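Q: I am new to this structure and would be grateful for a close look at a single part of it. Please set that part in its surroundings afterwards.

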Amino acid sequence: MSVVHVHIWKGRTVEQKRAAAEAITDAMVEHLGVHRDGLHVTFQDYELGDWARAGVLGIDRKDIPKDELDTYR
């Protein structure tokens with residue numbers, strides 16, 4: 001059994017996660033030789049206020065355009 005944990009900001013659609021799960025699975029099978037049926041992919045969604053980088057919460061980041069940040073709110 002293999003497990004891939006994906007930690008992302010909240011706001012992605014089910015369709016986006018479905019596509020990501022398929023792409024991750026394909027990559028793991030191709031590059032690491034894992035068995036497709038034994039691979040688990042999990043998604044952990046975080047609110048912008050629950051994630052910080054370099055001491056700055058996601059909601060306070062200045063390096064991401066406001067309109068892009070708004071898609072995660």
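Is Lys10 buried, partly exposed or exposed?

A: Lys10 counts as partly exposed, at 41% relative accessibility. The scale behind that word is as follows: buried means under 20% relative accessible area, exposed means over 50%, and partly exposed lies in between, with a 1.4 Å probe and protein chains only. Accessible areas come from the Shrake-Rupley method with a 1.4 Å probe, and for residues only the protein chains shown count as cover.

Some conventions apply throughout. This is a predicted model, in which local features need pLDDT of at least 70 and side-chain atom pairs count only at pLDDT 80 or more, while totals for chains, interfaces and linings use all residues. Residues are numbered from 1 along each chain as its sequence is written, and side-chain values use heavy atoms, with hydrogens and water left out.

Lys10 sits in the loop between strand 1 (2-9) and helix 1. Helices (H or I, at least four residues) and strands (E, at least two) are DSSP runs, numbered from the N terminus. Setting aside residues up to four places away in sequence, Lys10 touches Asp45, Tyr46, Glu47 and Tyr72; contact here means heavy atoms within 4.5 Å. Val56 is 46 residues from Lys10 along the chain, and the C-alpha atoms of Lys10 and Val56 are separated by 17 Å.

One of the residues that Lys10 touches, Asp45, leads on to the charged pairs. Side chains of opposite charge can pair when their charged atoms come close. A salt bridge is a side-chain nitrogen of Lys or Arg within 4 Å of a carboxyl oxygen of Asp or Glu. Asp45 forms such a bridge with Lys17, at 2.5 Å from N to O. This pair links distant parts of the chain, since Asp45 belongs to strand 2 (residues 39-46) and Lys17 to helix 1 (residues 14-32), 28 residues apart. With a relative accessibility of 29%, Asp45 is partly exposed.

The structure holds 6 salt bridges. Another of them joins Arg53 and Asp63, whose closest N and O atoms are 2.8 Å apart. Here too distant parts of the chain are linked: Arg53 is in strand 3 (residues 52-53), and Asp63 is in the loop between strand 4 (56-57) and helix 2 (66-70), 10 residues apart. Asp63 is partly exposed, at 48% relative accessibility. Asp63 also meets the side chain of Arg61 in a salt bridge of 2.8 Å, N to O. Arg61 is buried, its relative accessible area being 15%. Elsewhere, Glu22, Asp26 and Arg36 are joined into one network by salt bridges that share partners.

Arg36 also appears in the surroundings of Thr25, a residue of helix 1. Apart from neighbours within four places in sequence, Thr25 is in contact with Arg36, Leu39 and Val41. Thr25 is buried, at 9% relative accessibility. Ala27, found in helix 1 as well, is partly exposed, with a relative accessible area of 32%. From Ala27 to Glu15 the separation is 12 residues in sequence and 18 Å in space, C-alpha to C-alpha.

A further residue to examine is Ala54, in the loop between strand 3 and strand 4. The phi angle of Ala54 is near 55 degrees, a positive value in a residue other than glycine. Ala54 is exposed, with a relative accessible area of 77%.

The whole chain gives these details their setting. The protein chain has 2 helices and 4 strands, and from the N terminus on its elements run β-α-β-β-β-α. The radius of gyration of the protein chain is 15 Å, well over the 11 Å that the globule rule gives for 73 residues, so the chain is more spread out than a compact globule. That radius is taken over C-alpha atoms, and the globule rule is 2.2 Å times the number of residues to the power 0.38. Along its principal axes the C-alpha trace spans about 40 × 25 × 15 Å. Of the 73 residues, 21% count as buried. Among contacts between residues at least 6 apart in sequence, 60% join residues at least 24 apart. The accessible surface of the protein chain comes to about 5400 Å², of which 54% belongs to carbon and sulfur atoms.
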